[in-house]
Each structure stands twice: as structure tokens, then as C-alpha cells.
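Q: Please take a close look at one part for me: the enclosed space and what surrounds it. Short sentences are fine.

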Amino acid sequence: MKVEKISAFSYKNKGGNPAGVLFSDEMLSDKEMLKIAKEVNYSETAFIVKQGNSFRIRYFSPETEIAFCGHATVASGYCIGEKFGVGTYNLIINDGNIQIEVGKNNGESFTSISSVKTHSIDVEENFINSIIESFSFNKDDLNEKYPVKISFSGNNHLIIFLKEKQKLSEMKYEFAKVKKLMEQENIVTISILWAENENLYHSRNAFAYGGVIEDSATGSAAIALGEYLRDTGFKKSGNIEILQGFDMKQPSQLFVSFSSVPNSSINVSGTSRIIKE
């Protein structure tokens with residue numbers, strides 16, 4: 001069995017977030033998938049089994065199974081497109097079904113994901129304080145216009161906005177402490193954002209929950225941002241662009257679109273490239 005290595009949400013055919021993709025005739029055991037994910041040592045590896053006209057997909061970080069992973073889904077879309085052609089496909093994840101559309105754009109492979117239903121909830125002040133104390137920025141650096149919330153897109157993501165881009169570029173955190181806090185509230189990533197305007201956002205994503213310091217592109221968190229903007233009323237529908245990974249020297253670009261219907265599916269899309277070793 002060969003693990004395909006694909007970088008999803010690439011930016012001008014560079015950067016992106018690496019993911020492993022493995023097709024098999026039957027789903028491997030949890031132990032086997034975790035072992036392979038550790039060996040691949042990317043933030044996620046996707047494991048895929050074709051079931052009729054659908055694909056069963058599961059995601060593992062080097063430390064644990066993740067319910068849903070956007071960038072590994074986009075990487076999987078690239079591989080599905082190469083094996084089965086462009087088109088629309090149904091993926092069976094742990095908590096339901098999602099659809100992907102695989103196509104070509106100016107010679108580049110792109111994949112669009114239609115998410116499960118989304119929602120947002122408020123966060124207790126004590127928890128916010130504990131998180132902020134563990135990062136390089138402080139409460140005065142938060143953009144008070146945007147409340148801190150947890151947004152669900154198949155995973156829980158903590159959404160935090162900063163006033164200044166420089167603070168975003170300087171972002172660091174206490175890994176062990178933050179990981180414990182994330183596990184406590186089942187938060188998969190912490191999405192730190194700076195809004196350039198209502199359509200363009202710069203993001204960094206702490207992924208201590210999965211044993212990784214930072215993700216260079218996070219499709220699930222991009223969907224969560226769309227849900228957050230819709231739920232808070234900052235942008236009730238339309239399209240946004242997210243630039244992530246630039247401070248990691250792994251530039252990534254994610255496109256999100258959503259309707260004004262509360263809790264409805266949100267679309268995230270991006271291009272992929274093969275990782276040449």
C-alpha cells in the first residue's frame with residue numbers, strides 16, 4: 001500500500017498543507033492507521049475505502065483520530081480525481097456525509113468540500129482567560145469587535161481575532177498547557193485571525209490537540225470561520241478568502257462560500273499539488 005503525499009490549499013502551486021492519502025480495499029484497524037499516520041508524520045493522513053458510489057474516509061493525526069479534516073479531504077479529492085476522474089463524490093465521515101467536487105482550473109487540480117451542518121456557541125470567560133494567558137498576545141491585543149466563540153464545522157474550533165497583523169505574525173504559545181485546555185473542551189484547533197477586510201482574512205492555527213504546533217492550512221477551521229461570520233452577522237452570506245501558513249513559509253490559500261441560511265452547509269475549496277521527494 002502506497003501513501004500518496006499531497007499538499008492541499010496550495011498557493012500559486014507552492015506551499016499548502018501536506019497530507020497523506022491511503023486507499024485500501026478494507027478499512028485498516030485503528031492501531032494500523034495510527035501507526036501509518038505517525039510514520040508519515042504529517043498533521044493528518046486520510047484513509048479511504050471505496051463503498052459503492054461513495055468513499056468511507058477517516059483521518060488520523062500522529063497522535064489521535066480526528067473526526068474531520070479539511071485539508072486531508074482536499075488532498076483526497078485530488079487523489080480521487082486522478083483515479084476516478086473529475087466529478088462530484090460522496091464521502092462518509094464518522095459523523096455523517098459530505099460532498100466534494102473535483103475539477104481542474106487552469107491545469108491545477110481543485111477540490112470543493114460541502115460541509116456538514118454548522119453552529120457556533122459562546123465561550124466561558126475563565127476559559128478564554130486561560131487560553132490567552134498561554135499565548136504570546138494578551139487581552140488588549142484582541143479585536144473587541146469580534147467575540148471569542150467556538151464554531152463547529154465537523155470539529156470544534158476556537159475563533160480569536162487580533163487587532164494587529166504583527167501580533168499574528170509573532171504568535172507563539174505554551175504547547176503542553178494549550179493542548180490540555182483544548183482536550184478539556186474538545187477544541188481541535190485554535191484559529192487566530194486578523195481581518196484585512198470583510199472578504200480577506202489572515203490566519204494561524206494552533207493544533208496542539210493533534211500533536212502538531214501549527215497547521216499551514218485548515219479547511220475545517222475555514223468552514224468554521226464562515227459559520228462564525230454568518231452567526232455573528234459580520235457577513236451573512238457570500239465569499240471570503242483566507243491566507244494561512246505564510247509565517248511558516250508554507251503559503252496557503254482557502255476559499256469559503258456560504259448562504260444566509262442558519263447552520264447550513266458551507267463550502268471550502270482550494271488547489272493541490274503533489275509533494276515531490
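A: The lining of the second largest cavity has five nonpolar residues, four polar ones and no charged ones. (Nonpolar covers Ala, Val, Leu, Ile, Met, Phe, Trp, Tyr, Cys and Pro; charged covers Asp, Glu, Lys and Arg; the others, with Gly, are polar.) This is a predicted model, so local features need pLDDT of at least 70 and side-chain atom pairs pLDDT 80 or more, while totals for chains, interfaces and linings use all residues. Numbering runs from 1 along each chain as its sequence is written, and side-chain values use heavy atoms, without hydrogens or water.

The lining consists of Ser191, Leu193, Ser203, Thr218, Ala221, Ala222, Leu225, Ile242 and Gln244. (On a 1 Å grid over the protein atoms alone, a cavity is a set of points where a 1.4 Å probe fits but cannot get out; a pocket is an open set with protein on both sides within 12 Å along at least five of seven lines; lining residues have an atom within 4 Å of a point.) Helix α6 (219-232) is the main contributor, with three residues. Strands β12 (189-197) and β15 (238-244) also supply at least two each. (Helices are DSSP runs of H or I, at least four residues; strands are E, at least two; both are numbered from the N terminus.) The space inside is about 40 Å³, counted as what probe spheres set on the grid points fill, with points joined across faces, edges and corners.

Two cavities reach 30 Å³ or more. The largest holds about 60 Å³. Its lining has 14 residues, and Glu44, Phe68, Cys69, Asn155 and Thr218 lie nearest its centre. Thr218 thus appears in both linings. Here the split is five nonpolar, seven polar and two charged.

Cys69 is buried at a relative accessible area of 4%. (Buried is under 20%, exposed over 50%, partly exposed in between, with a 1.4 Å probe and protein chains only.) Why is Cys69 not in a disulfide? The closest cysteine sulfur, in Cys79, is 13 Å off, too far for a bond. A disulfide needs two cysteine sulfurs within 2.5 Å, and the count is zero. Cys79 is buried as well, at 5%.

Phe68, also by the centre of the largest cavity, touches Thr73. Thr73 sits in helix α2 (residues 70-84) and is buried at 0% relative accessibility. Its other contacts (heavy atoms within 4.5 Å) are Tyr59, Leu91, Ile98, Ile100, Thr111 and Ile113, leaving out residues up to four places away in sequence.

Glu44, another residue by that centre, falls within β3 (44-51), which helps cover the buried residues of α1, along with β2 (17-23) and β4 (54-60). Those residues of α1 (residues 30-40) are Met33, Ile36, Ala37 and Val40. They fall within an arc of 100 degrees seen down the axis, so they line one face; the arc is taken from the directions from axis to C-beta atoms. Lys31, Lys35 and Glu39 are exposed on the other side. Just past the helix, Asn41 has a positive phi of about 65 degrees.

For contrast, there is the open space. The largest pocket has about 160 Å³. Its lining includes Tyr78, Lys104, Glu108 and Arg273. Two nonpolar, four polar and four charged residues make up that lining. β17 (267-274) and β8 (108-114) each supply at least two, with β17 giving the most, three.
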